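Thank you all for coming. I would like to take you through one protein this morning, beginning inside it and working outwards, so please have a look at it before I go on.

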Amino acid sequence: MEAGTKMQSPEKETRLEISTMSVQSVPTFPLRSTDEKAIPFIGFGTAEYPFGASRDTLKETIIEAFKLGYRHFDTAAVYQSEQPLGEAISDALRLGIIKSRDELFITSKLWCSDAHHDLVLPALHKTLKNLKLEYVDLYLIHWPLSLKPGKPEFPFKKEDMVPMDIKSVWEAMEECNDIGLTKSIGVSNFSCKKLENLLSSARIPPAVNQVEMSPMWQQKKLRKFCEEKGIVVEAYSPLGAKGTAWGTNQVMECDVLKEIAQAKGKSVAQVCLRWAYEQGVCVIVKSFNKERMKQNLDIFDWRLSDDELLKISQLPQCKGYPALDFVSDDGPFKSLQEFWDGEI
């Protein structure tokens, strides 16, 4: 358990706030290579469980997000949201809601059943076909584990879990980067130890590590490691993912966060997102409610006080989604401690 988090210096926060601004004044964070586009701080999440549940209405929701100013969108093969996102992009370009593909930052993820050297490139080709795009801006390994080849599905059979050959899978990711099908490559749900293992053989280091992070799971150790290695941390479930199969209400119902929100005249969600911004991480936030979608962008013209930041840093820590689905007595990871390398 983590007791707190190291706060950024005022100088570092200032640099974040004066960085290149994208559409609707959403700040961006630079990625590590010269060919990589800066990543907007807020990404619009498209995952809703059961995956595919909002497929019929998702396209219109995404178009509404375009109108509000969202330009960073997060999808994955397993979410069943690539195709609606692709249709929304096509419609938004046709209608002039967005002027060009260059305005967008699109992330997708390689599912575990395709996490094999020879399946990575075909999987990305399928993703691009779904999205109707020539490239994605960021392509991530979704989890540090492979499944027997097959259709991207969750939940999956535990007997299908197999160890990932990270060296060969990453070489295939690098090839995708080399040929321009993705501008950047990265990982998701990787611990410090797993990142260290990857970095030991990587020709192109991961640009991003997307992990669960919120005021109730601040990832102090991992963020410090990633900062030292030049890896951008991107937070999923920054509000606790309340209402999902893997989520918790511990963030939105936290008394300390409620008190800060009331004092600020803001929502708890806005306080959480502003806190993440002041930690120097990107966030993926998912709401299909228009008013909340708008509120989630309204976090850049105010700040948390030192006292408020201190209170948040002292919150008791508890991971929302431990990932028991990826642990099995007969699988590559036999315990949560082994899966997260003690970072739980």
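Let me begin with N209, which is buried, with a relative accessible area of 0%, where buried stands for under 20% relative accessible area, exposed for over 50%, and partly exposed for what falls in between, using a 1.4 Å probe and protein chains only. Before I go further, I should say that this is a predicted model, in which local features need pLDDT of at least 70 and side-chain atom pairs count only at pLDDT 80 or more, while totals for chains, interfaces and linings use all residues. Residues are numbered from 1 along each chain as its sequence is written, and side-chain values use heavy atoms, with hydrogens and water left out.

N209 lies in strand β10, residues 208–212; helices here are DSSP runs of H or I with at least four residues, strands are runs of E with at least two, and both are numbered from the N terminus. A polar atom of the N209 side chain lies 3.0 Å from the backbone oxygen of F190. If we set aside residues up to four places away in sequence, N209 touches, among others, S188, N189, F190, L195, C226 and E234, with contact taken as heavy atoms within 4.5 Å.

Two of those partners deserve a closer look, and I take N189 before E234. N189 is found in the loop between β9 (185–188) and α6 (192–199), and N189 is itself buried, at a relative accessible area of 2%. Its phi is positive, about 65°, although N189 is not a glycine. As background, most residues other than glycine have a negative phi, and most peptide bonds are trans.

E234, for its part, sits in strand β11, residues 232–236. What is the nearest side chain of opposite charge to E234, and how far away is it? That side chain is K109, 6.9 Å away, and E234 is buried yet has no salt bridge, a term that requires a side-chain nitrogen of Lys or Arg within 4 Å of a carboxyl oxygen of Asp or Glu. For charge, Lys and Arg count as positive and Asp and Glu as negative, whereas His and the chain ends are not counted. The E234 side chain does make a polar contact with the side chain of Q210, at 2.9 Å; such a contact is a pair of N or O atoms within 3.5 Å, where within protein one must be able to donate a hydrogen and the other to accept it, and residues adjacent in sequence count only if both atoms are side-chain atoms. Leaving aside neighbours within four places in sequence, E234 is in contact with residues including I39, H72, L138, N209 and C282.

K109 brings us to H142, since K109 is among the residues that H142 touches, along with A76, W111, S188 and N189, not counting residues up to four places away in sequence. UniProt, in an unreviewed entry, lists H142 under "binding site", and I would add that such annotations may be inferred rather than shown by experiment. H142 is placed in the loop between β6 (138–141) and β7 (146–147), and H142 is buried, with a relative accessible area of 6%.

Turning to the helices, α9 (residues 268–278) is largely enclosed by the rest of the structure, because 11 of its 11 residues are buried. Those buried residues include the charged R274 and E278, and just after α9, G280 takes a positive phi of about 80°. V268, at the start of α9, has its C-alpha atom 5.8 Å from that of K258, 10 residues apart along the chain. K258 belongs to helix α8, residues 255–264, and is partly exposed, at 35% relative accessible area; its side chain makes a polar contact of 3.0 Å with the side chain of E253.

Two backbone details remain. The peptide bond from F154 to P155 is cis, with omega near 5°, and P155 lies in the loop between β7 and β8 (161–162). A323, although not a glycine, has a positive phi of about 75°, and A323 is buried, at 0% relative accessible area.

To finish with the whole protein, there are 12 helices and 12 strands, and 56% of the 344 residues are buried. Of the contacts with a separation of 6 or more, 72% come from residues 24 or more positions apart.
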